[in-house]
Amino acid sequence: LVIFTARPMQKIYFTNKLFLIFIIFFFFINGCAKKVQLPCPKAMVLSEASSITTFVPGKGNDITDIETETIINQVVRSCTYNKSVVTVKTLIKFESTKGQFYKKNVKNLKFFVAVIDKEENILGKENFSIEVPYTNNSRKSQVIDTIEQIIPIKSGLRGFDYTILVGFKLDPSELTYNKQQRKLGKIKRLP
């Protein structure tokens, strides 16, 4: 049993400098109260689900038909232990670019967070939504979301025996598109 709790999303455009300051502050605050830091579970982005490209309905898959391209750029985590339970705070950074014909100022996407053990058994998985805002004068956006996982540690295991997986919830055509793009060595097509 893994318990997920979501925190409100930060609907702010982050520059890389602001993101770095945010991460340093996050670890500083979480690190102040700890004496000995036990290893956290690993956090990874599932390769084939690390990006999502949406297309204008009724069009093809050409670069001019792209509504939005969004990638999971970074996953950072910190953790605290309470006896045989580890609480992991996972920060997920999304970067998005909208295509030339996408006129809306927001895109809603779905992603998942799963916890697996060292035998790769799925112990818990939950789907979440993210709203990516675009300002009127920018085609790019960055959003950070924070998800908290509470993981009971089984006897004989340690925190780093668990892995937190993050990825976009893709339909079969989106997954096929991602596989094709990776074969070509591409993750993003929009500048």
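## Exercises on a four-stranded sheet

In this predicted model, strand S6, which covers residues 106–116, runs antiparallel to S7 and is joined to S7 by eleven bridges.

**Exercise 1.** Find the residue in S7 that stands opposite Leu 109.

*Solution.* Begin with the pair of strands S6 and S7, which run antiparallel. Then look across from Leu 109 into S7, where the residue standing opposite is Ile 130.

**Exercise 2.** Work out which strands stand at the edges of the open sheet, and why one side of each is left without a neighbour.

*Solution.* First write down the order of the four strands, which is S2-S9-S6-S7, with mixed pairing. Next, consider the two ends of that order: strand S2 (42–45) and strand S7 (122–133) stand at the edges, and because each has a single partner strand, one side of each has no neighbour in the sheet. Finally, for the geometry of this sheet, note that its neighbouring strands are turned against each other by 20° on average, with direction ignored.

**Exercise 3.** Place the sheet within the whole protein by describing the pattern of helices and strands along the sequence.

*Solution.* Start with the inventory, which consists of two helices and nine strands. Reading along the sequence then gives β-α-β-β-β-β-β-β-β-β-α.

**Exercise 4.** State what share of the 191 residues is buried, and what share of the exposed surface carbon and sulfur atoms supply.

*Solution.* Counting a residue as buried when its relative accessible area is under 20%, one finds that buried residues make up 42% of the 191 residues. Turning to the surface, the protein exposes about 10,700 Å², of which carbon and sulfur atoms supply 57%.

How values were computed:
Residues are numbered from 1 along each chain as its sequence is written. This is a predicted model: local features need pLDDT of at least 70, side-chain atom pairs count only at pLDDT 80 or more; totals for chains, interfaces and linings use all residues. Side-chain values use heavy atoms; hydrogens and water are left out. Buried means under 20% relative accessible area, exposed over 50%, partly exposed in between (1.4 Å probe, protein chains only). Accessible areas come from the Shrake-Rupley method with a 1.4 Å probe; for residues, only the protein chains shown count as cover. Two strands pair if DSSP finds at least two bridges between them. Axes are lines fitted to C-alpha atoms, for helices over the stretch in contact, and angles run from 0 to 180 degrees between N-to-C directions.
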